[in-house]
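Please go through the predicted model shown here and work out what its pocket, its surface and its charged pairs look like. Each answer should give its reasoning before the value or name that was asked for.

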Amino acid sequence: RASVKLEDLFQQKLAAEKSIQQLSLQVSQLTGMDVDGNALLVPLDAPQRQPPLFQKDAIVGVALQRNPKLLQQRQEIAVRQNQLQLALNQLRPQLDLRSSVRSSGLNDDLGSALGDMAKVEFVDLSVGLVYTRPVGNRAARSQYRQAELELARTSELLIAFERQAAFAIVESLNSTQLAYARFESALRQLEQAQEWVRLAKVRYQSPPDESGQEALLVALLDYQTAIQAHVDAMVGTALALADYNSQLATVEEQRGTLLDRWNIAIAAQP
């Protein structure tokens, strides 16, 4: 029975190593590193173990300002506003200032007349204002109405996107709080499993003198069960810690400060 349990733990270890190898290969592919099936990536930064200290209103405000989708929608609104202003200009009357300067030749023959024109001796100057207003102006009114509707639609989409982004960030904050609570529970379970292993080991190694083979077998089974529970608690704690840090990264991503957290800056193109 002990050998079977030992092989079971060994198989769990192999499964964990396989999962780490798969994740290492995925990270290598995403970052453009050389693919090496035997190399395992080891993170240098220690995972966050402190409880999350969130100011919900401040985080939502930053997320609404730096969310890429919202920034794109605001740019779309600026474009629609320019189009509306252009359509409004088409509705207004047009007033043009026109001027002309003309040199004349007064001789009877063409050559002499061209010579007078070249000398610019006889100059005609005219200046005037031209006021135009299309009758009805149906095409411009239609374009203005269309631009007005597009601006209203884009503005409503921005409001919907802002509400959706706020809901998403609040949901991520709640998930992060729950992930940390699960991590704390896993830590307590790990401590209890360690105490169980310690006591079960003492009972197995130092059984009472009056106990028989059955009592020793029961102590052995309890010891093996405690070891398996301790291993499961260790795995559960590691997974809970990874899930908590993943939730923290999700919050930073939705807030738009993920690069700032790791002091990563994108160089501007020359």
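The questions and answers below take up the largest pocket, a nonpolar surface patch and several salt bridges of this predicted model.

Q: Which elements give two or more residues to the lining of the largest pocket?
A: The largest pocket holds about 1400 Å³ of space. Its lining consists of 31 residues, and those closest to the centre are L23, L41, P43, D45 and A242. The elements that contribute two or more residues to this lining are α1 (2–31), α6 (213–255) and α7 (258–261).

Q: How many residues of each class, nonpolar, polar and charged, are in the lining of the largest pocket?
A: The lining is made up of 31 residues, with L23 and D45 among the closest to the pocket centre. Sorted by class, the lining residues are 22 nonpolar, six polar and three charged.

Q: Which element gives the largest share of the nonpolar patch on the surface?
A: The patch is formed by L95, L97, V101, V120, V123, L125, V127, L129 and Y131, which together have about 1000 Å² of accessible area. Two elements, β1 (94–104) and β2 (122–132), each give two or more residues to this patch. The largest share, five residues, comes from β2.

Q: Is L95 buried or exposed?
A: L95 sits in strand β1 and is one of the residues that form the nonpolar surface patch. Its relative accessible area is 56%, and since the cut-off for the exposed class is over 50%, L95 counts as exposed.

Q: How many residues apart in sequence are the parts that the pair R74 and E162 ties together?
A: The side chains of R74 and E162 meet in a salt bridge, at 3.4 Å from N to O. R74 counts as partly exposed at 25% relative accessibility, and E162 is likewise classed as partly exposed, at 24%. Because R74 lies in helix α3 (residues 68–91) and E162 in helix α5 (residues 138–205), the pair ties together parts whose separation in sequence is 88 residues.

Q: Is E252, the salt-bridge partner of R255, buried or exposed?
A: R255 and E252 form a salt bridge in which the closest N and O atoms are 3.0 Å apart. The two residues are three apart in helix α6, so about one helical turn separates them. With a relative accessible area of 15%, which falls under the 20% cut-off, E252 is buried.

Note on methods. Residues numbered from 1 in each chain as written. Predicted model: local features only at pLDDT ≥ 70, side-chain atom pairs only at ≥ 80, totals over all residues. Heavy atoms only, no water. 1 Å grid on protein atoms, 1.4 Å probe; cavity = no way out; pocket = protein on both sides within 12 Å on 5 of 7 lines; lining within 4 Å. Points joined across faces, edges and corners; volume = space filled by probe spheres on them. Helix = DSSP H or I, 4+ residues; strand = E, 2+ residues; numbered from the N terminus. Nonpolar A, V, L, I, M, F, W, Y, C, P; charged D, E, K, R; others polar. Patch = residues over 30% accessible without salt bridge, like charges linked within 9 Å, V, L, I, M, F, W, Y side chains within 5 Å. Areas by Shrake-Rupley, 256 points an atom, 1.4 Å probe, with all protein chains shown as cover. Salt bridge = Lys/Arg side-chain N within 4 Å of Asp/Glu carboxyl O. Buried < 20%, exposed > 50% of the residue type's maximum accessible area, 1.4 Å probe, protein only.
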